[in-house]
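Visitor: Could you walk me through this one? I'd like to look at it piece by piece.

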Amino acid sequence: MGATDTNREKLREIRMFVLDMDGTIYLGDRLFPYTPKFLQQVRATGRNFCFFTNNSSKNKEAYLEKLANMGICIPPEKMLLSNEVILQWLQRHHPGARCYVVGTPPLLEDFRKAGFPPDAEDADLVVLGFDTTLTYEKLRVACDLIRAGKPVYGVNPDWNCPVEGGFIPDCGSIAALVRASTGVQCEFFGKPSPHTLHYLLRQTGCRPEEVAVVGDRLYTDIAVAAGTAVTSILVLSGETTPQLLEESPLVPDLVVQDLEELGELLH
C-alpha cells in the first residue's frame, strides 16, 4: 500500500474534524484560499467539522463574526473555545468563585456571563488568559493573590500567537512571567490539556476513534491527542516547520502541507 493509500486508510473512520484556526484555516485576517473547498469536501464525504481555538483573547461571538466575514457561516455549537473548557471546569469544581482574571474584555465578559465575577481584588482564584490589554497593575494584583496562596489557572498554554507579521506573546508567556515572579506554575486548560479532550468529546458526541484534531502546533494540537484513540493531523501552514517536526518527540498520526492536501485524501 502506498503512502497516500495508507493516509486515506487512517482517515476512513474519522467522522469529525476538529479544526484549529490561526495557522490552519487562516493566518491573522487572511483566510487560506483552500479552506472553503476543504469544508465542502468534508461535508460531501458525509463527515462533519467544528472549530476549536486556544486563543482566549476573544469570545465565541467574535469568532463567529470573524468567520462570517470570511464567508464561513456556522451555528454557535460548531465554535469551541478554551474559554469554555475552563469555565465548565470551574462550574463543576469552584461554583460561584470570585476570580481575578488577567484577560481581555471579551474573556472577562465570558466569566461574568458564566456567573464568575472576574475582577475581584480579594478573589478566591486567579485566571491567566491571552491578554492583549495586559498592564503592569494586572500582573501586580495577580501575583499578590498567588503569593497569598490563591490557586492560579491558565486558559491556554500557547507561548505565541501567529499573526501575519510573525508572532506575538500568548498566555503561556504571560504565565511564565508570573511564575518567574511567584514561583508558582499554573494549571492550563486549553490544548493539550486532558480537560480539552474531554470537552471536545462531550461537545461533539463522538467516540475518540471518530475524531481527528487538525492543527499547526505540535505542543498543543498534536499533543492533545497523544496516547489516545483520537487522530492527530499536523498541517505545515502555520507555526511548525519541517525542522521542528524532525526534532520533535511528538509524532503526529498524519502530516500534510495544508488543508488542501488533507482534502485530497478524503473519500
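Visitor: Which residues of β7 are buried on its two faces?

Guide: Leu125 and Val127 are buried on one side of β7, and Val126 and Leu128 are buried on the other, which leaves both faces of the strand covered. Buried here means under 20% relative accessible area, with exposed over 50% and partly exposed in between, using a 1.4 Å probe and protein chains only. Strands (E, at least two residues) and helices (H or I, at least four residues) are DSSP runs, numbered from the N terminus.

Visitor: Before we go on, what kind of model is this?

Guide: This is a predicted model, in which local features need pLDDT of at least 70 and side-chain atom pairs count only at pLDDT 80 or more, while totals for chains, interfaces and linings use all residues. Residues are numbered from 1 along each chain as its sequence is written, and side-chain values use heavy atoms, with hydrogens and water left out.

Visitor: OK, what is the strand order in the open sheet?

Guide: The order is β6-β7-β8-β11, an open sheet of 4 strands with parallel pairing, where two strands pair if DSSP finds at least two bridges between them. The edge strands, each pairing on one side only, are β6 (99-102) and β11 (187-188).

Visitor: And how many bridges link β7 to β6?

Guide: There are 4 bridges between β6 and β7, in the parallel sense, and Val102 has Leu128 in β7 as its bridge partner. On the β8 side, β7 (residues 125-128) pairs with β8 (residues 152-154) over 3 bridges, again parallel, and Val127 is partnered by Tyr153 in β8.

Visitor: Which helix lies across β7 and β8?

Guide: That is helix α4 (residues 82-93), which runs at about 150 degrees to β8. Such angles run from 0 to 180 degrees between N-to-C directions, with axes being lines fitted to C-alpha atoms, for helices over the stretch in contact; contact means heavy atoms within 4.5 Å.

Visitor: Switching to aromatics, which residues cluster with Tyr153?

Guide: Trp89 and Phe189 join Tyr153 in one aromatic cluster, and the structure holds 8 aromatic pairs. Rings of Phe, Tyr and Trp (its six-membered ring) pair if their centres lie within 6.5 Å; planes under 30 degrees apart count as stacked, over 60 as edge-to-face and the rest as tilted.

Visitor: How many disulfides does the count give?

Guide: The count is 0 disulfides, a disulfide being a pair of cysteine sulfur atoms within 2.5 Å.

Visitor: Why is Cys171 not bonded to Cys186?

Guide: Because the sulfur of Cys171 is 6.4 Å from that of Cys186, its closest cysteine sulfur, they are too far apart for a bond. Cys171 is buried, with a relative accessible area of 0%. For Cys161, the closest cysteine sulfur is in Cys171, at 12 Å, also too far for a bond, and Cys161 is buried at 6%.

Visitor: What joins β9 to β10?

Guide: A hairpin joins them through 2 residues. Strands β9 (residues 160-163) and β10 (residues 166-169) pair in the antiparallel sense over 4 bridges, with Gly166 in β10 as the bridge partner of Val163.

Visitor: Last one: where is the cis peptide bond?

Guide: The cis bond joins Lys191 and Pro192, with omega about 10 degrees, and Pro192 is placed in the loop between β11 and α8 (194-204). As general background, most peptide bonds are trans.
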